[in-house]
Amino acid sequence: MQTFLSATELDDELIKQLPKEVLLRVFSYLDVVSLCRCAQVCKYWNVLALDGSSWQKINLFDFQRDIEGPVIENISQRCGGFLKSLSLRGCQSVGDQSIRTLANHCHNIEHLDLSECKKITDISTQSISRYCVKLTAINLDSCSNITDNSLKYLSDGCPNLLEINVSWCHLVSENGIEALARGCVKLRKFCSKGCKQINDNAISCLAKYCPELMVLNLHSCETISDASIRQIAANCPKLQKLCVSKCADLTDLSLMALSQHNHQLNTLEVSGCRNFTDIGFQALGRNCKYLERMDLEECSQITDLTLAHLATGCPSLEKLTLSHCELITDDGIRQLTAGSCAAESLSVLELDNCPLITDRTLEHLVSCHNLQRIELFDCQLISRGAIRKLKNHLPNIKVHAYFAPVTPPAVTTGHRPRYCRCCEIL
């Protein structure tokens with residue numbers, strides 16, 4: 001007697017005929033959600049979808065509010081030595097016990113993102129340093145309970161560390177940085193945004209022990225001076241990205257040192273460094289030919305001369321921020337657009353609060369064929385008509401501008417009102 005299978009039964013039979021190796025290979029390309037859905041298809045798929053080999057790279061950011069400690073512990077035990085990359089960014093319910101279990105089972109982990117996991121302490125990093133010797137990158141951004149001890153643990157147990165982020169870890173000081181630098185000499189990327197206790201001594205240690213440094217972010221490390229930046233420049237010739245925004249004590253001496261030693265520099269963020277002048281940027285324009293991104297917001301002393309130097313010396317410039325550079329004029333933009341970067345590279349130009357910029361600037365920008373976005377907030381001398389003309393020439397450009405309400409005409413007849421309309425509303 002011939003037996004006919006239903007469509008569902010037929011699908012099940014076909015599924016079972018697929019070799020295990022093929023399914024595992026397919027599952028290796030899926031994200032967490034897709035794997036969990038596959039695990040609900042049938043028992044066979046459940047076993048394979050939850051196999052540790054399919055969970056080598058896990059990002060749980062989308063589940064941050066729902067992730068509790070036991071979930072991490074289950075994943076750790078299931079994945080074991082397969083897990084190489086894990087992101088727990090924003091998982092604020094995860095604590096030291098979960099990270100300890102993770103470290104105990106996942107000895108091959110290389111990339112670990114614990115940013116905004118506010119419950120973890122030095123106990124977590126102690127476990128990581130003890131068991132995860134292959135770790136190359138760790139993100140501790142906004143882990144407010146992390147102290148210098150964590151950096152000492154990582155220095156002792158993770159000699160292959162290439163990247164670390166301790167931004168907004170307010171308890172980290174020069175002692176922790178010195179220990180880290182001594183033990184992790186291969187370090188290429190260091191980020192300590194908002195760490196007020198990190199000073200010249202800390203940065204000097206990085207310069208001394210970590211010559212391979214390529215990315216350095218010292219945003220809002222307010223006590224940093226020219227002395228340590230000059231050491232970084234001289235000892236770290238591979239430096240490519242530097243952020244010293246809000247390091248207000250820096251002067252042109254820092255820019256000159258970078259110009260002399262760091263010819264591979266491609267990103268420079270110096271927002272709020274009010275002591276920088278045209279002299280420093282002239283030096284950069286002369287020697288740093290590979291600059292692609294520059295944030296010069298609130299560098300209030302620079303003039304059109306800076307733009308002339310960048311136009312001739314930086315042909316690869318893609319993004320330039322000049323917001324609150326109040327001495328920049330139409331002529332500076334004209335010189336910028338005459339350079340090779342304007343026609344070939346420039347895609348983003350930010351000019352917020354540049355009071356001397358007029359419609360002429362937009363006329364000059366017509367030649368920037370790759371320009372994708374321009375910021376013009378509070379540029380009072382820019383008109384809607386000029387923006388329309390620019391869009392006619394560059395139809396794909398995004399223009400962000402704000403036009404303040406027109407001031408009402410003065411009252412010429414009758415009694416003068418005691419308060420303006422705004423005061424009445426307030």
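Which elements are included in what covers the buried residues of α15? The legends below take up this question after an overview of the chain, which is shown here as a predicted model.

**View 1. The whole chain, a predicted model with 19 helices and 14 strands.** Of the 426 residues that make up the chain, 48% count as buried. When contacts between residues at least 6 apart in sequence are considered, 78% of them join residues at least 24 apart. The accessible surface of the chain comes to about 21300 Å², and carbon and sulfur atoms account for 50% of this surface.

**View 2. The buried residues of helix α15 and what covers them.** Helix α15 comprises residues 330-338, and its buried residues are Asp330, Gly332, Ile333, Leu336 and Thr337. These residues lie on the same side of α15, because they cover an arc of only 160° around the axis. An α-helix has 3.6 residues a turn, so residues three or four places apart point the same way. To return to the opening question, the cover over the buried residues of α15 includes three helices, namely α14 (304-313), α16 (340-344) and α17 (359-364), together with the strands β11 (319-321) and β12 (348-350).

**View 3. A nonpolar patch on the surface, to which helix α2 contributes Val26.** Leu18, Val22 and Val26 together make this nonpolar surface patch, which has an area of about 220 Å². Val26 belongs to helix α2, which runs over residues 20-27. Is Val26 buried or partly exposed? Its relative accessibility is 44%, and Val26 therefore counts as partly exposed, since this class lies between the limits of 20% for buried and 50% for exposed.

**View 4. His324, a loop residue with a positive phi.** Most residues other than glycine have a negative phi. In His324, however, phi is near 65°, which is a positive value in a residue other than glycine. The residue is found in the loop between β11 and α15, so this view can be read alongside the one of helix α15, and His324 counts as partly exposed because its relative accessibility is 27%.

**View 5. Asp378, a loop residue whose phi is also positive.** The phi of Asp378 is near 60°, again a positive value in a residue other than glycine. Asp378 lies in the loop that runs between strand β13 (373-375) and helix α18 (384-393). With a relative accessibility of 33%, Asp378 counts as partly exposed.

Note on methods. Residues numbered from 1 in each chain as written. Predicted model: local features only at pLDDT ≥ 70, side-chain atom pairs only at ≥ 80, totals over all residues. Heavy atoms only, no water. Patch = residues over 30% accessible without salt bridge, like charges linked within 9 Å, V, L, I, M, F, W, Y side chains within 5 Å. Areas by Shrake-Rupley, 256 points an atom, 1.4 Å probe, with all protein chains shown as cover. Salt bridge = Lys/Arg side-chain N within 4 Å of Asp/Glu carboxyl O. Helix = DSSP H or I, 4+ residues; strand = E, 2+ residues; numbered from the N terminus. Buried < 20%, exposed > 50% of the residue type's maximum accessible area, 1.4 Å probe, protein only. Arc of directions from axis to C-beta. Contact = heavy atoms within 4.5 Å.
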